[in-house]
Amino acid sequence: MSLELVLIRHAKSDWGDSGLRDHARPLAARGRHDAPRMGAWLAAGGHVPELVLCSDAVRTRETLALMQPEWAETPEIRHEATLYAAPPRQLLAALKGVRTQRVALVAHNPGIGRLAADLAAEAPAHPRFHDYPTCAVTVLQFDAQDWAAIGKGRVAAFAIPADF
C-alpha cells in the first residue's frame, strides 16, 4: 500500500491591516488568484486528498476554500488549531491515527516547508523548493502501511503559482 501526502503552504496573505492579529490575516488578491490555480493543478495530476488537515488561521482556511471547488471529490476537512505556526514534528504528529491513504496538510512556513524538505528522499530540482513560497505544493509518496511508518518519501510533484 502506498500513502500520499500533499503539503500546501497557504496562499499570499494581506498585510494591509496592521491591527489584525497574525491568525486573522486574510488572503491578498494575489492569494485569491493563486489558490484555485494550485487546486486545479492538484486535480489535473490526480492528487486530490481524501482528508485535509488545515490550520484554523483565516488565510489557510481561505486557501483551502478556494482550492476545493477545483476538485471533483469533496474531501473530509478538519480545521486544527495545533497546525497554526506548527513546527515539522507537530505537523507530522497530526497524521497520528489517520486511516486515509491521501492526506493534505495546509499550514504555514517555516514548518510546512521544513517538513517537505525533511520528508523528501531527494529534493526536486525546482529553484524555489527550499524557500517554499506562498501556495507552494509538494506531493510526497511513501511505501508504507500507515502514517506512523513513513520515513523519507518520493517527491511525485512540486509546483508554485509562478510556474503557471
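This passage describes the sheet of a predicted model, the helices packed on it and the surroundings of Thr63. Residues are numbered from 1 along each chain as its sequence is written, and side-chain values use heavy atoms, with hydrogens and water left out. In this predicted model, local features need pLDDT of at least 70 and side-chain atom pairs count only at pLDDT 80 or more, while totals for chains, interfaces and linings use all residues.

Six strands (DSSP E runs of at least two residues, numbered from the N terminus) form an open sheet of mixed pairing in the order 3-2-4-1-5-6. Strand 3 (76–80) and strand 6 (154–159) are the edge strands, each pairing on one side only; pairing requires at least two DSSP bridges between two strands. From one strand to the next, the twist averages 15° (axes are lines fitted to C-alpha atoms, for helices over the stretch in contact; angles run from 0 to 180 degrees between N-to-C directions). Strand 2 (residues 51–55) pairs with strand 3 in the parallel sense over five bridges. Leu53 has Arg78 in strand 3 as its bridge partner.

Helix 2 (helices are DSSP H or I runs of at least four residues) lies across strands 1 (2–9), 2, 3, 4 (102–107) and 5 (137–143), running at about 150° to strand 2. Thr63 is located in helix 2 (residues 58–67). Thr63 counts as buried because its relative accessibility is 0% (buried: under 20% relative accessible area, 1.4 Å probe, protein chains only). A polar atom of the Thr63 side chain lies 2.7 Å from the backbone oxygen of Arg59. Not counting residues up to four places away in sequence, Thr63 touches Ile8, His10, Ala11, Leu27 and Ala35 (contact: heavy atoms within 4.5 Å).

Notes. Buried means under 20% relative accessible area, exposed over 50%, partly exposed in between (1.4 Å probe, protein chains only). A polar contact is a pair of N or O atoms within 3.5 Å; within protein, one must be able to donate a hydrogen and the other to accept it, and residues adjacent in sequence count only if both atoms are side-chain atoms.
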